[in-house]
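Here is a friendly walk through one model, from its sheets to its helices and a few loop positions. Have the sequence and coordinates open as you read.

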Amino acid sequence: MNIVLELNMQEIKKIENKYKSYFVPAKSPYVKFMVKAPGLVITVYNSGKVMFQGEKSESAASEFGHSKEDTKISGKQENTIGTDEVGNGSYFGGLAVVASYVSSQDIEFLKDLGVDDSKNLNDAKIRQIAPILEKKIKHVSLLVNPTKYNEVIGTDYNAVSIKVALHNQVIFLLEQKLDSNDKVEQVIIDAFTSPANYQKYVSKERNHPQNEVTLIQKAESQFLAVAVSSIIARNLFLENLSNLSKEIGFSLPSGAGSKSDKVAASILKTKGMTGLETTAKLHFKNTEKAKKLAGIK
């Protein structure tokens with residue numbers, strides 16, 4: 001569980017004194033200090049935001065005003081950059097990552113449009129509203145197709161670090177795209193790894209955002225900016241999957257279930273490994289399952 005609170009200097013000093021023996025190195029320039037105690041990780045940002053994680057997060061945060069009745073990590077929606085990715089769990093298709101900026105002027109429009117986490121919308125609804133969002137909301141999209149994905153996985157990147165790099169880059173590029181009137185008050189990433197792990201990988205990247213980044217679990221259901229990104233990313237992923245299906249001559253399914261194994265086996269029999277390299281993420285276990293189905297060692 002992730003809990004984020006805004007604390008004053010006196011409260012932060014209290015955390016520092018209580019958990020000083022549990023300090024761990026913090027590589028991010030935005031992090032004042034980090035604590036790693038049994039069942040608890042605390043990340044204290046220079047801005048005054050404090051993130052509590054782990055099984056003891058609620059009890060630790062309760063000392064500073066958090067209650068179990070709090071249903072949202074942050075009620076703030078305006079002046080927010082939010083990112084999300086789609087395609088990470090699908091064997092076929094690329095990996096789409098999007099960052100979106102939501103200002104106070106966008107909120108009513110987004111609510112009227114019915115913006116929600118893409119997991120709660122069917123593909124027809126996503127296809128309908130994604131183009132509207134792309135025109136209305138400032139955003140940056142990146143898509144790594146399977147060919148490129150397979151080139152970098154296992155060499156320069158792994159399945160986590162490639163997502164870190166892409167989230168970092170879309171935030172960086174979106175910041176460059178915003179004008180002087182666009183005030184950014186928070187940057188939220190739909191958490192796919194721990195903050196410490198994120199910082200470990202992002203420290204190796206060349207470009208770095210100007211604003212502090214916060215990773216929050218299930219952020220797509222809490223922040224409109226993340227929900228917008230999830231919808232645009234889902235649409236981008238679906239378009240890529242459709243285009244790859246036409247190119248390979250097979251209907252490529254989303255996901256990584258047994259249907260994907262069977263389609264992959266058919267591609268192997270007719271197109272060989274080259275067919276999979278251009279359509280699928282080869283490090284998935286589906287590849288070995290497809291080889292067995294196709295009778296290939």
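A polar contact here is a pair of N or O atoms within 3.5 Å; within protein, one must be able to donate a hydrogen and the other to accept it, and residues adjacent in sequence count only if both atoms are side-chain atoms. With that in hand, look at Gln-77: its side chain reaches the backbone nitrogen of Leu-224 at 2.8 Å. Before going further, please note that this is a predicted model, in which local features need pLDDT of at least 70 and side-chain atom pairs count only at pLDDT 80 or more, while totals for chains, interfaces and linings use all residues. Residues are numbered from 1 along each chain as its sequence is written, and side-chain values use heavy atoms, with hydrogens and water left out.

**The first sheet**

Helices (H or I, at least four residues) and strands (E, at least two) are DSSP runs, numbered from the N terminus. Two strands pair if DSSP finds at least two bridges between them. One open sheet has five strands in the order 1-5-4-3-2, with antiparallel pairing. Its edge strands are strand 1 and strand 2 (23-24), each pairing on one side only. Helix 1 (residues 9-19) packs on this sheet and touches strand 1, strand 2, strand 3 (31-37), strand 4 and strand 5. The direction of helix 1 makes about 40° with that of strand 3; axes are lines fitted to C-alpha atoms, for helices over the stretch in contact, and angles run from 0 to 180 degrees between N-to-C directions. Contact, for this and the other packing described below, means heavy atoms within 4.5 Å.

Strand 1 (residues 2-6) is mostly covered, with four of its five residues buried. Buried means under 20% relative accessible area, exposed over 50%, and partly exposed in between (1.4 Å probe, protein chains only). Strand 1 runs antiparallel to strand 5 (residues 49-53), and five bridges join them. Strand 4 (residues 40-45) is also antiparallel to strand 5, through four bridges.

**The second sheet**

Another open sheet of five strands has the order 8-7-6-9-10, this time with mixed pairing. Strand 8 (138-144) and strand 10 (213-216) stand at its edges with a single partner strand each, so one side of each is left without a neighbour in the sheet. Neighbouring strands of this sheet are turned by 20° against each other on average, direction ignored. Strand 7 (residues 95-102) pairs with strand 8 in the antiparallel sense over seven bridges. Helix 8 lies across strand 6, strand 7, strand 8 and strand 9, running at about 30° to strand 6.

Here are some bridge partners from the two sheets:

| Residue | Partner | Strand of the partner |
|---|---|---|
| Ile-3 | Phe-52 | strand 5 |
| Val-41 | Gln-53 | strand 5 |
| Ala-96 | Leu-143 | strand 8 |

**Helix 4 and helix 9**

Which residues of helix 4 are buried? They are Ile-126, Ile-129, Ala-130 and Leu-133, and they pack against helix 3 (107-113) and helix 8 (224-248). An α-helix has 3.6 residues a turn, so residues three or four places apart point the same way. Helix 4 bends by about 30° at Ile-129, and Pro-131 follows within four residues; the bend is the angle between axes fitted to the seven residues ending at a position and the seven starting there.

In helix 9 (residues 258-271), the end C-alpha atoms are 20 Å apart, which agrees with the 20 Å expected for its 14 residues at 1.5 Å a residue. That expected span is 1.5 Å times one less than the number of residues. The buried residues of helix 9 include Val-263, Ala-264, Ile-267 and Leu-268, and what covers the buried residues includes helix 8, helix 10 (273-277) and helix 11 (286-294). Just after helix 9, Gly-272 takes a positive phi of about 75°.

**Three loop positions**

Gln-77, met at the start, lies in the loop between helix 2 (57-62) and strand 6 (80-86). Gln-77 counts as buried because its relative accessible area is 11%.

Leu-178 sits in the loop between helix 6 (161-177) and strand 9 (186-190). At 12% relative accessibility, Leu-178 is buried too. Not counting residues up to four places away in sequence, Leu-178 touches Ile-81, Tyr-101, Lys-138 and Val-184. The C-alpha atoms of Leu-178 and Tyr-101 are separated by 8.5 Å, although the two are 77 residues apart along the chain.

Is Ala-256, in the loop between helix 8 and helix 9, buried or partly exposed? Ala-256 is partly exposed, because its relative accessible area is 37%. Its contacts, not counting residues up to four places away in sequence, are Gly-89, Tyr-91, Phe-284 and Asn-286.
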